[in-house]
Amino acid sequence: MNDSKTGVRNVNKALPLQAKIEIAIFAALAFLIDLLPSIKIAIGVSISFSMVPIFIMCFRWGVKGGALSGFLWGILQLALGNAYILTPLQAFIEYIIAVTFIGFGGVFSSSIKGYLANNQRSKAFFFIILSLIIGSFARYFCHFIAGLIFWGFAAPKGMPVLWYSFSMNGISMIGSLLSCLIILSLLIPSASRMIVTKSHSS
């Protein structure tokens with residue numbers, strides 16, 4: 001069941017087959033977008049809108065759907081070589097945990113779908129922005145931790161590793177968040193059906 005006030009989805013509810021198919025497709029789409037040219041700000045750090053498909057799964061299928069889609073995206077990056085791997089632990093943190101944590105952006109899934117279904121777009125976008133912030137912060141907190149542990153060698157001489165990881169990952173988080181927000185603000189008004197499931201469209 002869903003909490004009618006907060007819109008928090010029950011993450012114990014099994015995902016239907018349709019959700020699993022969509023999650024796999026959108027994870028692959030995120031991987032393909034990630035192959036496009038992006039703004040590189042440091043080794044392994046860039047600004048991209050590749051999280052958009054994962055956030056769509058967050059909005060459409062909640063925390064579990066977003067987390068599973070992010071997890072599959074990370075597996076694709078590791079399996080197909082689109083990853084900066086220093087150690088197995090670093091790869092696990094940045095390409096499994098971090099992208100899976102984007103799924104926390106699905107915490108307001110029910111509210112977003114409900115407001116879109118009722119054509120209350122301003123309220124829907126309020127929760128979309130909150131979801132983008134939550135999912136992005138959850139992901140880049142993991143990258144920040146990985147930066148402290150593994151990426152100190154990349155910091156300019158004299159710059160503390162903590163500040164290097166904070167600033168590089170912070171710039172990447174804000175830039176990627178804004179990129180995703182722009183893309184979603186263009187997509188959703190004309191294609192809200194890609195967010196709203198049948199149970200909310202009646």
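Trainee: Which is it for R60 and E22, buried or exposed?
Mentor: R60 is buried, and E22 is buried too. Keep in mind that this is a predicted model.

Trainee: What makes E22 count as buried?
Mentor: Its relative accessibility is 14%. Buried means under 20%, so E22 at 14% qualifies. You'll find E22 in helix α1.

Trainee: Why is the contact of R60 and E22 called a salt bridge?
Mentor: Put the distance against the cut-off. The two side chains meet at 2.6 Å, N to O. The rule asks for a Lys or Arg side-chain nitrogen within 4 Å of an Asp or Glu carboxyl oxygen, so the 2.6 Å pair of R60 and E22 passes. In general, side chains of opposite charge can pair when their charged atoms come close.

Trainee: How many salt bridges does the count come to?
Mentor: Just 1 salt bridge by that rule.

Trainee: Which parts does the R60 and E22 pair tie together?
Mentor: R60 sits in helix α2 (residues 52-79) and E22 in helix α1 (residues 17-34), so the bridge joins parts 38 residues apart in sequence.

Trainee: What else does the side chain of E22 contact?
Mentor: The side chain of Q18, through a polar contact of 2.9 Å. Polar contacts need N or O atoms within 3.5 Å, so 2.9 Å fits.

Trainee: How do you know that K113 has no salt bridge?
Mentor: Check the nearest side chain of opposite charge: that's E22, 9.1 Å away. The limit is 4 Å, so K113 misses out, and it is buried as well. K113 belongs to helix α4 (residues 109-117). What K113 does have is a polar side-chain atom lying 2.9 Å from the backbone oxygen of R60.

Trainee: On to the rings. How many aromatic pairs does the structure hold?
Mentor: There are 10 aromatic pairs. One of them is F108 with F127, at 5.1 Å centre to centre and 55° between the planes.

Trainee: What makes the F108 and F127 pair tilted?
Mentor: Stacked needs under 30 degrees and edge-to-face over 60, with tilted for the rest, so 55° makes this pair tilted. It also links distant parts of the chain, 19 residues apart: F108 is in the loop between α3 (88-100) and α4, and F127 is in helix α5.

Trainee: And what kind of aromatic pair do F126 and F127 form?
Mentor: An edge-to-face one, 5.3 Å centre to centre with 80° between the planes. Since the cut-off is over 60, that angle of 80° settles the name.

Trainee: How do you know that F108 is buried?
Mentor: Its relative accessible area is 16%, and F127 comes in at 15%. Under 20% is the cut-off for buried, so F108 and F127 meet it.

Trainee: Which residues form one aromatic cluster?
Mentor: F137, F141, F144, W163 and F166. F144 is in helix α5 and counts as buried at 17% relative accessibility. F144 and S165 are 5.5 Å apart, C-alpha to C-alpha, though 21 residues separate them in sequence.

Trainee: Which residues make the nonpolar surface patch?
Mentor: L148, I149, L162, W163 and F166, covering about 520 Å². Helices α5 (121-150) and α6 (161-187) each supply at least two of the patch residues. The largest share, 3 residues, comes from α6, the helix that holds F166.

How values were computed
Residues numbered from 1 in each chain as written. Predicted model: local features only at pLDDT ≥ 70, side-chain atom pairs only at ≥ 80, totals over all residues. Heavy atoms only, no water. Patch = residues over 30% accessible without salt bridge, like charges linked within 9 Å, V, L, I, M, F, W, Y side chains within 5 Å. Areas by Shrake-Rupley, 256 points an atom, 1.4 Å probe, with all protein chains shown as cover. Helix = DSSP H or I, 4+ residues; strand = E, 2+ residues; numbered from the N terminus. Buried < 20%, exposed > 50% of the residue type's maximum accessible area, 1.4 Å probe, protein only. Lys, Arg positive; Asp, Glu negative; His and termini not counted. Polar contact = N/O pair within 3.5 Å; in protein donor to acceptor, adjacent residues only side chain to side chain. Phe/Tyr/Trp six-rings, centres within 6.5 Å; stacked < 30°, edge-to-face > 60°.
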